Amino acid sequence: MSTAALSHDPSWPRTGAWPALGELDADLALIGIPTSATSLSPTHAHLTPTAVREALRRYSSHVVASGVPGARGTEAELVLDEALRIVDAGDVTDPDTVAGEGTATARVAEVAARAELVVALGGDNALTVPAALGVAGDRLADAGLITLDAHHDLRDGRSNGSPVRRLVEAGLNPRRIVQIGIADFANSRAYRERAKDLGITVIHRDELFERSLSEVAAEALDIAGAGGGPIHVDLDVDVCDRSVAPGCPASIPGGIQAHELRRFARLFAADARVRGVDIAEVDAAADAPDARTVRLAALLVLECAAGLALRLGR
């Protein structure tokens with residue numbers, strides 16, 4: 001990321017300078033969960049929440065709806081920073097230890113009780129455990145999980161490769177888990193069989209060539225929301241093609257495109273059943289010189305806010 005000072009234009013206000021949670025409740029609350037110590041790949045993903053906050057300053061919060069021929073210029077538009085109360089709850093500390101993970105879970109639960117939507121910044125995919133548990137609270141048994149990920153994350157042990165398995169063992173019903181973007185050559189038969197045996201719904205990356213993203217999102221929401229509880233969405237950025245996500249250690253050529261992941265983020269955040277989203281697996285220290293992966297993560301935060309604005313009718 002360039003260290004050059006950003007230009008100042010009073011007619012082009014920058015986003016991201018959000019206040020702390022404070023005493024007032026919020027529409028959207030950002031929280032950093034900088035996990036990295038148990039990663040299967042060497043990573044400095046703990047640096048990413050700070051990098052994403054810096055990248056947010058490169059963008060505005062102005063959103064314009066799609067137009068139609070014959071009505072150009074009449075599209076609905078809004079400024080997210082005016083339409084929503086967005087706050088930053090800061091970072092949790094030491095989330096990689098057992099005790100620290102418990103503290104992170106409790107902190108997410110506190111934040112979720114005071115915000116319509118919690119967006120958790122990782123960190124590697126280990127953050128999905130405290131983020132999802134905190135969002136679910138005492139409703140884990142009827143909660144749901146949607147992952148955008150090239151990998152099943154059903155490994156044994158305690159790492160960024162095990163959050164889905166660990167959530168199932170904690171009490172999440174695997175039949176309300178949907179995995180979108182699972183890729184060939186990125187998994188093993190053993191973990192594919194584990195997903196099948198558990199009853200997890202797997203939507204292969206290739207299905208996205210043939211079906212609309214809105215159709216896929218609707219299917220996932222129906223399955224994950226079948227228990228009537230809160231849904232958590234894991235946006236593992238390594239689901240993206242390596243050309244757009246070089247800062248993800250496990251991204252591969254042939255993943256989904258940045259615009260597809262951004263679209264999914266907005267679609268899911270627009271649904272009232274979704275109470276939490278996490279953004280995972282970006283290593284700010286391994287990014288391309290133009291910081292394209294970190295910038296994508298920052299845009300995912302804004303897409304979540306845009307979806308929330310749609311949900312709330314703002």
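## Exercises on a predicted model

In helix 5, the buried residues are Pro 163, Val 164, Arg 165, Arg 166, Leu 167 and Val 168. The structure is a predicted model, and the exercises below start from this helix.

**Exercise 1.** Work out how far helix 5 is covered, and what its buried residues pack against.

*Solution.* Begin with the count: helix 5, residues 163-170, is mostly covered, since six of its eight residues are buried. Next, look at the surroundings of those buried residues, which pack against helix 3 (98-112), helix 4 (128-136), strand 6, strand 7 and helix 6. Finally, follow the chain just past the end of helix 5, where Gly 171 takes a positive phi of about 125 degrees.

**Exercise 2.** Describe how strand 7 is joined to strand 6 and to strand 8, naming the pairing sense and the helices between them.

*Solution.* Take strand 6 (residues 144-148) to start with: strand 6 and strand 7 pair in the parallel sense over four bridges. Within this pairing Ile 146 stands opposite Val 178, and Thr 147 stands opposite Gln 179. The connection runs through helix 5, and strand 6, helix 5 and strand 7 make a right-handed β-α-β unit.

Then turn to strand 8 (residues 201-204), which pairs with strand 7 in the parallel sense, again over four bridges. Here Gln 179 stands opposite Val 202, so that Gln 179 has Thr 147 across from it in strand 6 and Val 202 across from it in strand 8. Helix 6 (residues 189-198) lies between the two in the chain, and strand 7, helix 6 and strand 8 make a right-handed β-α-β unit. As a last step, check the burial of strand 7, residues 177-182, in which six of six residues are buried.

**Exercise 3.** Place these strands in their sheet, and state which strands form the edges.

*Solution.* The sheet is open and has eight strands in the order 4-1-5-10-9-6-7-8, with parallel pairing. The edge strands are strand 4 (86-91) and strand 8, each of which pairs on one side only. On average, and with direction ignored, neighbouring strands of this sheet are turned by 15 degrees against each other. As a general point, strands of a sheet pair through backbone hydrogen bonds.

**Exercise 4.** Decide how helix 1 and helix 10 are oriented towards each other, and which residues meet.

*Solution.* The axes of helix 1 (residues 48-56) and helix 10 (residues 292-312) come within 8 Å and cross at roughly 70 degrees. Angles of 65 to 115 degrees count as roughly perpendicular, and therefore helix 1 is roughly perpendicular to helix 10. At the meeting place, helix 1 supplies Ala 51, Val 52, Ala 55 and Leu 56, while helix 10 supplies Val 294, Arg 295, Ala 297, Ala 298, Val 301 and Leu 302.

**Exercise 5.** Explain why Cys 248 forms no bond with Cys 240.

*Solution.* A search of the whole structure finds zero disulfides. Cys 240 is in none, and the nearest cysteine sulfur, that of Cys 248, is 7.2 Å away. A disulfide needs the two sulfur atoms within 2.5 Å, so the 7.2 Å between Cys 248 and Cys 240 is too far for a bond. Concerning burial, Cys 240 has a relative accessible area of 0% and is buried, and Cys 248, at 0% relative accessibility, also counts as buried.

Terms used
Residues are numbered from 1 along each chain as its sequence is written. This is a predicted model: local features need pLDDT of at least 70, side-chain atom pairs count only at pLDDT 80 or more; totals for chains, interfaces and linings use all residues. Side-chain values use heavy atoms; hydrogens and water are left out. Buried means under 20% relative accessible area, exposed over 50%, partly exposed in between (1.4 Å probe, protein chains only). Two strands pair if DSSP finds at least two bridges between them. A crossover is right-handed if, with the strands pointing away from the viewer, the path from the first strand over the helix to the second runs clockwise. Axes are lines fitted to C-alpha atoms, for helices over the stretch in contact, and angles run from 0 to 180 degrees between N-to-C directions. Angles under 35 degrees count as roughly parallel, over 145 as roughly antiparallel, 65 to 115 as roughly perpendicular and the rest as oblique. Contact means heavy atoms within 4.5 Å.
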